[in-house]
Amino acid sequence: MFIPDHQGKRLLLPKAAMRISGSRIDPVHDRLWVDRRLAAFGRPTSKSCYLMPMSLDHIVCKCPHRSRLVGQLSTDHGFQVLPGFRWNDQLLSEGVRFSNGPFIDVFDWPEMKAPFEPLLAIEADLASTEIAAKKQGWSLHVSMRHQAPVAERPPWSILSFSRGQGFISSLFIIEYDDSPDAWQNEQFCGLLYRRSNEHKSAAELASIEVLTADASTSLAQLDKLGLAPIPLLNFKSAQAATDHIRAIHYRDFDGGSHSLLI
């Protein structure tokens, strides 16, 4: 469902806010190592400090009518619909990419009986995040790309959290292998996942609204992972709310402000 954003530009983050956020990493990594990591993530190289590069990478959604949702985005707001994940020659997801980088990956969920809480994918250094999460005793699962069979090997590794652990259960960490050899498997090479398409959109992501029972607690979890603050995430406390994403706010090139409720 689409609604006008009556709060106007107060919900929009200026481009200046699209900075690298992060936490200091172990100084055993020299400047050259950090510069290679930043370059792999498409970020400017470091200047005077060590930063673990991180950013909002994408939002995973499931809905009964995938093509209807992405089709409406394309028709109404000029998004280019891009193919995503493919399995056994069947396209299972497609979506749209915003001009400033993040994308929405929409999967079909035809027998959906309850609303699917979207998942946030945060691009960050997997090893550093895993160490921080284990220090907190959080339940997690790590899928390393090199451990998958070659025929099913994705160009990324993922760290996800078990349910019932607060806001962190609504996100996962993704780290890409940007070498050309990693992007040969057609299952994972849909144009939606290609960074070269990030400037072909007709809209810029302004912010994502996260409705949570306690915004300070959710931010504290990100901080303990070394992931706070993350530009574009806008936390709102609401009585009796569970941690989930409520709306995606975006702006088209004509300056119009819109909200996609999910």
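**Exercise 1. N88 and D89**

Task: In this predicted model, decide whether N88 is buried or exposed, and describe the loop that holds it.

Solution.
Step 1. The relative accessibility of N88 is 64%. The cut-off for exposed is over 50%, so N88 counts as exposed.
Step 2. N88 belongs to the loop between β4 (86–87) and β5 (90–91).
Step 3. Turn to the backbone. N88 is not a glycine, yet its phi is positive, about 50°.
Step 4. D89 is placed in the loop between β4 and β5. Its phi is also positive, near 65°, in a residue other than glycine.
Step 5. With a relative accessible area of 74%, D89 is exposed.

**Exercise 2. Two aromatic pairs**

Task: State how many aromatic pairs the structure holds, then classify the pair F79 and F98 by its geometry.

Solution.
Step 1. The structure holds 11 aromatic pairs.
Step 2. Two values are needed, since a pair of aromatic rings is described by the distance of the centres and the angle of the planes.
Step 3. For F79 and F98 the centres are 5.4 Å apart and the planes stand at 90°. Planes over 60 degrees apart count as edge-to-face, so this pair is edge-to-face.
Step 4. The pair links distant parts of the chain, 19 residues apart. F79 is in the loop between α2 (66–77) and β3 (82–83), and F98 is in the loop between β6 (93–97) and β7 (103–108).
Step 5. Both F79 and F98 are buried.

Task: Repeat the classification for W156 and Y176, and say which strands they lie in.

Solution.
Step 1. The ring centres of W156 and Y176 are 6.0 Å apart and the planes are at 85°, so this pair is edge-to-face.
Step 2. W156 lies in strand β10 (residues 156–161) and Y176 in strand β11 (residues 171–176). The pair therefore ties together parts that are 20 residues apart in sequence.
Step 3. W156 counts as buried at 13% relative accessibility, and Y176 is buried with a relative accessible area of 10%.
Step 4. W156 and Y176 also belong to a cluster linked by ring pairs, together with F85, W87, F103, W183, F188 and Y193.

**Exercise 3. The buried face of α4**

Task: Find which residues of helix α4 are buried, and work out how they are arranged around the axis of the helix.

Solution.
Step 1. Helix α4 covers residues 215–224, and its buried residues are A215, S218, Q221 and L222.
Step 2. Seen down the axis of α4, these buried residues fall within an arc of 125°, so they line one face of the helix.
Step 3. The sequence spacing can be read against helix geometry. An α-helix has 3.6 residues a turn, so residues three or four places apart point the same way.
Step 4. The packing partners of the buried residues of α4 are β11, β12 (203–212) and β13 (233–237).
Step 5. Just after α4 comes G226, with a positive phi of about 80°.

**Exercise 4. Salt bridges**

Task: Give the number of salt bridges in the structure, and place the pair K134 and E130.

Solution.
Step 1. There are 5 salt bridges in the whole structure. Side chains of opposite charge can pair when their charged atoms come close.
Step 2. K134 and E130 form one salt bridge, with their closest N and O atoms 3.0 Å apart.
Step 3. Both residues are in helix α3 (residues 126–135), and because they are 4 residues apart, about one helical turn separates them.
Step 4. K134 counts as exposed, at 53% relative accessibility.

Task: Locate the salt-bridge pair D177 and R145, then the pair E209 and K236.

Solution.
Step 1. D177 and R145 meet in a salt bridge at 3.3 Å, N to O. D177 is in the loop between β11 and β12 and R145 in the loop between β9 (140–143) and β10, 32 residues apart.
Step 2. D177 counts as partly exposed at 24% relative accessibility, whereas R145 is buried with a relative accessible area of 17%.
Step 3. The side chains of E209 and K236 form a salt bridge at 3.5 Å, N to O. E209 lies in strand β12 and K236 in strand β13, so the pair ties together parts 27 residues apart in sequence.
Step 4. E209 counts as buried at 3% relative accessibility, and K236 as partly exposed at 33%.
Step 5. A network of salt bridges links R66, E94 and D108.

Methods. Residues are numbered from 1 along each chain as its sequence is written. This is a predicted model: local features need pLDDT of at least 70, side-chain atom pairs count only at pLDDT 80 or more; totals for chains, interfaces and linings use all residues. Side-chain values use heavy atoms; hydrogens and water are left out. Helices (H or I, at least four residues) and strands (E, at least two) are DSSP runs, numbered from the N terminus. Buried means under 20% relative accessible area, exposed over 50%, partly exposed in between (1.4 Å probe, protein chains only). Rings of Phe, Tyr and Trp (its six-membered ring) pair if their centres lie within 6.5 Å; planes under 30 degrees apart count as stacked, over 60 as edge-to-face and the rest as tilted. The arc is that of the directions from the helix axis to the C-beta atoms. Contact means heavy atoms within 4.5 Å. A salt bridge is a side-chain nitrogen of Lys or Arg within 4 Å of a carboxyl oxygen of Asp or Glu.
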